[in-house]
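Would you like to get to know a protein by working through it piece by piece? Have a look at the sequence and the model, then try the exercises below.

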Amino acid sequence: MVWSTQALERYQGIDVSEGVLLCAEAILADIPASCSEEGSRVRNVKFSRYLPPSPTNAKEQHDLVVSAFALSELPSDSLRKTTIETLWGHTSDTLVLIDRGTPDSARMISEARDQLLALGECYTVAPLPNDLPDPTILTPA
């Protein structure tokens, strides 16, 4: 367990689909209190359809930001770059990017990794366990 017995203080779910957000809210509402230990339920949950701009106040940043399957859904490289910048601006510590196991998604993750490393403010642990250039980027799919 990453955070030992500490409960999450706040959670923000973002999805462009209103149906997905309604489903997430319904699932959360249906979790009985008996299914979790005292104090471990997330109390401050917020759902929205769009990623807000990067916060200007460090108190608004999150320790952990997870983006799952979003990069490959974006229609252009420039929008992906802007989204990566915004996601990075939302974290005070850790950004996790997850996407499909396709050659295109691997390229997008590698480009995001390069973009973040160029900032000089971060270190990577995957898909490569170092901050050197990605040697697989030129490998044919």
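The exercises that follow go from the overall layout to single residues, and the model they use is a predicted one.

**Exercise 1. Find how many helices and strands the protein has, and in what order they run.**

Step 1: Count the elements; there are three helices and four strands.
Step 2: Follow the chain from the N terminus, and the order reads β-α-β-β-α-β-α.
Step 3: Turn to the contacts between residues at least 6 apart in sequence; 70% of these join residues at least 24 apart.
Step 4: Look at burial and surface. Of the 141 residues, 23% count as buried. The protein exposes about 10,100 Å², and carbon and sulfur atoms supply 57% of that area.

**Exercise 2. Describe the second largest pocket and its lining.**

Step 1: Begin with the volume, which is about 450 Å³.
Step 2: Find the centre. Of the 16 lining residues, Leu95, Tyr123, Thr124, Val125 and Ala126 are the closest to it.
Step 3: Ask which elements give two or more residues to this lining; they are strand 4 (91–98) and helix 3 (103–118). Strand 4 has the largest share, with five residues.
Step 4: Sort the lining by class, and you get eleven nonpolar, two polar and three charged residues.

**Exercise 3. Work out what surrounds the largest cavity.**

Here is a helpful idea to start with: rolling a probe the size of a water molecule over the atoms shows where empty space is left.

Step 1: Count the cavities of 30 Å³ or more; there is one. The largest cavity holds about 80 Å³ of space.
Step 2: Name its lining: Leu71, Asp77, Arg80, Lys81, Ile84, Met108, Glu111, Ala112 and Gln115.
Step 3: Place these residues on the elements. Helix 2 (77–90) and helix 3 each supply at least two of them.
Step 4: Sort by class, which gives four nonpolar, one polar and four charged residues.

**Exercise 4. Decide whether cysteine 122 is buried or exposed, then place cysteine 23 as well.**

Step 1: Recall the cut-off: buried means under 20% relative accessible area.
Step 2: Cysteine 122 has 11% relative accessibility, so this residue counts as buried.
Step 3: Cysteine 23 has 43% relative accessibility and therefore counts as partly exposed.
Step 4: Check for disulfides. A disulfide is a covalent bond between the sulfur atoms of two cysteines. The structure holds zero of them.

**Exercise 5. Locate tyrosine 50 and find which residues it touches.**

Step 1: Tyrosine 50 sits in the loop between strand 2 (44–48) and strand 3 (62–68).
Step 2: Its relative accessible area is 56%, so tyrosine 50 is exposed.
Step 3: Leaving out residues up to four places away in sequence, tyrosine 50 touches Ile14 and Val16.
Step 4: Compare chain and space: valine 16 is 34 residues away along the chain, while the two C-alpha atoms are separated by 6.1 Å.

**Exercise 6. Track down a cis peptide bond and a positive phi.**

Step 1: The cis bond joins alanine 126 and proline 127, with omega about 5°. Proline 127 belongs to the segment after helix 3.
Step 2: Alanine 126 has already appeared among the residues closest to the centre of the second largest pocket.
Step 3: For the positive phi, go to phenylalanine 69, a residue other than glycine with phi near 60°.
Step 4: Phenylalanine 69 lies in the loop between strand 3 and helix 2. With 38% relative accessibility, phenylalanine 69 counts as partly exposed.

Terms used
Residues numbered from 1 in each chain as written. Predicted model: local features only at pLDDT ≥ 70, side-chain atom pairs only at ≥ 80, totals over all residues. Heavy atoms only, no water. 1 Å grid on protein atoms, 1.4 Å probe; cavity = no way out; pocket = protein on both sides within 12 Å on 5 of 7 lines; lining within 4 Å. Points joined across faces, edges and corners; volume = space filled by probe spheres on them. Nonpolar A, V, L, I, M, F, W, Y, C, P; charged D, E, K, R; others polar. Disulfide = S-S within 2.5 Å. Buried < 20%, exposed > 50% of the residue type's maximum accessible area, 1.4 Å probe, protein only. Contact = heavy atoms within 4.5 Å. Areas by Shrake-Rupley, 256 points an atom, 1.4 Å probe, with all protein chains shown as cover.
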